[in-house]
Amino acid sequence: MTRWGILATGNIAARFAEDLRLVPDAELVAVGSRTRESAELFARRHDVPRAYASWAELAADPDLDAIYVATPHAAHHEAALACLAGGKAVLVEKPCTLDLPTTTELVETARARGLFLMEAMWMRTNPLILRVLELIRDGAIGEVTHVRADFGVAGPFPPEHRMRARTLGGGALLDLGVYPLSLAHLVLGVPQHVQAWAKLTPEAVDENTGMVLGWDSGAVATLSCGMVGATEISASITGTTGRIDLPELFFRPAHVVLHRAGAEPETIPADLTGGGYQYEAIEVQRCLAAGLTESPLVPHSATLEVMGLIDDIKARIGVSYA
């Protein structure tokens with residue numbers, strides 16, 4: 001049995017708590033927040049036995065095996081460090097932190113302590129996404145030449161909303177753009193060429209961003225994210241002999257469509273239950289049972305490479321959280 005704690009009490013923490021019920025040998029035993037009222041309310045709603053009024057108290061609970069960090073982006077670094085200091089395995093929401101140096105510090109701290117650390121890029125643990133990667137490896141669409149992906153939401157968001165709050169790591173890139181970037185990286189690896197443009201809000205965070213990535217192989221990725229209009233939130237992966245379409249929501253699709261040259265399109269359904277967050281918890285538990293300190297599905301190297309790419313794009317579009 002893996003005994004879980006959740007650090008934070010917002011919407012994504014609630015979704016994770018509900019999906020954790022679907023995970024074999026998982027038990028949610030504690031929640032921590034910066035206020036006792038918030039922790040106790042969450043505990044009542046989700047039948048959590050223990051509620052703590054500080055991150056340090058949660059991290060010090062001797063009965064916990066793993067903690068899921070679900071705070072806003074700007075607090076990921078501090079919260080994850082607190083959990084590692086308490087000797088706990090950590091699943092930290094994406095993006096791992098606000099920049100590459102602080103993400104590197106988390107990875108190095110976990111490695112030095114011999115503790116498990118994984119970024120909660122749940123797309124990389126989704127069974128249908130893993131099936132898509134298997135199809136690509138097996139040559140179903142030939143050599144990949146293009147990845148297209150978008151993630152745009154309608155808004156509008158008031159200035160005080162976390163999506164626009166610079167102090168909370170606001171903006172489309174960190175909250176939404178991490179998905180298209182992670183998909184392109186998952187399929188093609190680190191690009192050798194990067195271009196980006198964005199319109200910024202009065203708070204100096206990006207509200208509409210376009211990115212073009214290039215690889216020396218000749219492959220390209222055209223990606224976008226924004227909070228000024230609802231896009232399809234879809235993706236396609238094109239190769240020399242076919243294409244795979246990932247409909248809304250591309251990071252946890254209900255199905256994908258495989259187009260092979262000279263053949264009828266093939267729809268491959270997902271056999272999903274719950275919201276899809278359970279698969280990252282299952283991966284954490286599998287790794288802990290195997291004595292691993294990082295996941296082969298969401299390795300530290302991928303987290304660091306995508307964070308480095310995000311830093312590159314931030315610099316190009318003029319966004320800084322320093």
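The following exchange examines how several features of this predicted model were assigned.

Biologist: How many aromatic pairs does the predicted model contain, and what makes Trp4 and Phe16 an edge-to-face pair?

Modeller: The count is eight aromatic pairs. The ring centres of Trp4 and Phe16 lie 5.4 Å apart, with 65° between the planes. Rings pair if their centres lie within 6.5 Å, and planes over 60 degrees apart count as edge-to-face; the pair is therefore edge-to-face.

Biologist: Where along the chain do Trp4 and Phe16 lie, and are they buried or exposed?

Modeller: Trp4 belongs to strand 1 (residues 2-7) and Phe16 to helix 1 (residues 11-20), twelve residues apart, and the pair thus links distant parts of the chain. Both Trp4 and Phe16 are buried.

Biologist: What makes Phe250 and Phe251 an edge-to-face pair?

Modeller: Their centres are 5.5 Å apart and their planes meet at 75°. Set against the limits of 6.5 Å for the centres and 60 degrees for the planes, these values make Phe250 and Phe251 an aromatic pair of the edge-to-face kind. Phe250 and Phe251 are each buried.

Biologist: Which aromatic cluster includes Phe250 and Phe251?

Modeller: One aromatic cluster is formed by Trp122, Phe151, Tyr179, Phe250, Phe251 and Tyr277.

Biologist: Which residues have the most contacts inside the largest nonpolar core, and how do you know that this core lies between domain 1 and domain 2?

Modeller: The core comprises 88 residues, and Trp4 and Phe250 have the most contacts inside it. Helix 7 (residues 172-188) supplies the largest share, eleven residues. Because domain 1 (1-119) and domain 2 (126-268) both contribute residues, the core lies between them. In soluble globular proteins, nonpolar side chains tend to be buried together.

Biologist: With which residues is Phe250 in contact, leaving aside neighbours within four places in sequence?

Modeller: The list includes Met123, Ile129, Ala149, Tyr179, Pro180, Leu183 and Ile233. Asp150, Ser234 and Ala235 are also in contact with Phe250. Apart from the core of 88 residues lies another core, of 22 residues, including Leu7, Trp55, Ile67 and Leu106.

Biologist: How do you know that Cys83 forms no disulfide?

Modeller: A disulfide requires cysteine sulfur atoms within 2.5 Å. The closest cysteine sulfur to that of Cys83 is in Cys96, 12 Å away, which is too far for a bond. Cys83 has a relative accessible area of 0% and is therefore buried, the limit being under 20%.

Biologist: Why does Cys225 form no bond with Cys96?

Modeller: The sulfur of Cys225 lies 19 Å from the sulfur of Cys96, the closest cysteine sulfur, and is therefore too far for a bond. Cys225 has 2% relative accessibility and so counts as buried. The structure holds zero disulfides.

Biologist: What is the phi of Ala8, and why is Ala8 called buried?

Modeller: Phi of Ala8 is near 110°, a positive value in a residue other than glycine. Most residues other than glycine have a negative phi. Ala8 lies in the loop between strand 1 and helix 1. Its relative accessibility is 10%, and buried means under 20%; Ala8 therefore counts as buried.

Biologist: Why is Ala204 called partly exposed?

Modeller: Partly exposed covers the range between the 20% limit for buried and the 50% limit for exposed. Ala204 has 30% relative accessibility and therefore counts as partly exposed. Ala204 is placed in the loop between strand 8 and strand 9 (206-214), and its phi, near 70°, is also a positive value in a residue other than glycine.

Biologist: Which peptide bonds leading to Pro95 and Pro156 are cis, and where do these prolines lie?

Modeller: The bond from Lys94 to Pro95 is cis, with omega near -10°, and the bond from Gly155 to Pro156 is cis, with omega near -5°. Most peptide bonds are trans. Pro95 is in the loop between strand 5 (89-93) and helix 5 (100-113), whereas Pro156 is in the loop between strand 7 (144-152) and helix 7.

Technical notes
Residues are numbered from 1 along each chain as its sequence is written. This is a predicted model: local features need pLDDT of at least 70, side-chain atom pairs count only at pLDDT 80 or more; totals for chains, interfaces and linings use all residues. Side-chain values use heavy atoms; hydrogens and water are left out. Rings of Phe, Tyr and Trp (its six-membered ring) pair if their centres lie within 6.5 Å; planes under 30 degrees apart count as stacked, over 60 as edge-to-face and the rest as tilted. Helices (H or I, at least four residues) and strands (E, at least two) are DSSP runs, numbered from the N terminus. Buried means under 20% relative accessible area, exposed over 50%, partly exposed in between (1.4 Å probe, protein chains only). A nonpolar core is a set of buried Ala, Val, Leu, Ile, Met, Phe, Trp, Tyr and Cys residues joined through side-chain atoms within 4.5 Å. Domain bounds come from an automatic or database domain assignment. Contact means heavy atoms within 4.5 Å.
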